[in-house]
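User: Hi! Could you walk me through this one? I'd like to begin with the ring-shaped side chains.
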Amino acid sequence: PLYAYSDSATLSVKEMGEIHGSGEKEIFMNYYNDTIPQYVVYRSDSIGVLPTTFDFFFYYETTLQIDNPTLSDFDNNGITDVAFIVGWKKIIVSEFRDSINNFANVFEYENLDETFYGFAIGDIDSDEKTELISGSGLGKLISIEAVRGNYYELIWQDDFSIYNAYMKTTTEDIDENGKPEFWIGGQDFVEGITRLECYEATGDNSYEPVAT
């Protein structure tokens with residue numbers, strides 16, 4: 001081991017990335033709090049140094065669990081964003097603000113009838129705009145696009161062929177037809193069926209399964 005965090009409330013690393021734009025890396029770690037689920041962020045003091053310096057706490061304003069934090073500049077405005085899911089019901093995108101040394105929410109999507117988990121992220125329809133694709137327990141698929149700086153839209157919805165569409169990833173044109181792909185996996189626990197499907201864009205803001 002190179003370093004051990006002495007704070008016994010830190011549980012596990014959930015995401016790593018560059019938040020401040022200065023070249024060093026930060027880590028998001030689960031932080032035990034019996035009142036508000038939250039993360040603690042540690043940063044490096046300089047490039048090439050382990051992220052061991054406390055930076056800030058991050059939490060959402062409810063007592064619901066926070067899942068799937070993913071760091072990137074989704075809207076290509078040069079500022080780091082984080083996407084995450086709260087209580088399985090609400091998808092949030094937040095942007096880092098130097099003025100508060102923390103993230104501020106810029107987009108929220110909620111569907112009380114669904115439970116979402118995880119993202120497939122990329123420019124799937126090749127329009128130079130990032131899409132965040134998620135799936136639900138009832139098999140609902142959605143795509144949220146970073147249209148421009150701090151502006152996001154729900155651009156696509158469809159039904160997956162099976163329940164619990166929680167497995168997902170992206171590939172960069174694996175069949176060399178000029179189109180990137182995203183993959184969705186789901187399970188019907190009652191029937192004991194697992195299914196994985198590959199999707200490609202059919203045009204702007206539209207996708208279809210091309211392999212099962």
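User: So how many aromatic pairs does the structure hold?

Analyst: It holds 24 aromatic pairs. Rings of Phe, Tyr and Trp (its six-membered ring) pair if their centres lie within 6.5 Å; planes under 30 degrees apart count as stacked, over 60 as edge-to-face and the rest as tilted. Tyrosine 117 and tyrosine 166 form an edge-to-face pair, with 6.2 Å from centre to centre and 75° between the planes.

User: And where in the chain are tyrosine 117 and tyrosine 166?

Analyst: They are 49 residues apart, so the pair links distant parts of the chain: tyrosine 117 is in strand β9 (residues 116–122), and tyrosine 166 is in the loop between β12 (151–159) and β13 (167–171). Helices (H or I, at least four residues) and strands (E, at least two) are DSSP runs, numbered from the N terminus.

User: Quick check, what kind of model is this, and how is it numbered?

Analyst: It is a predicted model: local features need pLDDT of at least 70, side-chain atom pairs count only at pLDDT 80 or more, and totals for chains, interfaces and linings use all residues. Residues are numbered from 1 along each chain as its sequence is written, and side-chain values use heavy atoms, with hydrogens and water left out.

User: Thanks! Which residues do ring pairs link into a cluster?

Analyst: Phe28, Tyr39, Phe56, Phe58, Tyr60, Phe84, Phe96 and Phe103 are linked that way.

User: New topic: is asparagine 102 buried or exposed?

Analyst: Asparagine 102 counts as buried because its relative accessibility is 16%. Buried means under 20% relative accessible area, exposed over 50%, and partly exposed in between (1.4 Å probe, protein chains only). Asparagine 102 is found in strand β8 (residues 102–110).

User: What is asparagine 102 in contact with?

Analyst: Leaving aside neighbours within four places in sequence, asparagine 102 is in contact with Phe56, Phe57, Phe58, Glu95, Phe96 and Arg97. Contact means heavy atoms within 4.5 Å.

User: And isoleucine 121, where is that found?

Analyst: Isoleucine 121 is in strand β9, and at 24% relative accessibility it counts as partly exposed. Its C-alpha atom is separated by 7.6 Å from that of threonine 169, although the two residues are 48 apart along the chain.

User: Which residues is isoleucine 121 in contact with?

Analyst: Beyond neighbours within four places in sequence, isoleucine 121 is in contact with Thr70, Phe74, Thr130, Glu131, Leu132 and Thr170.
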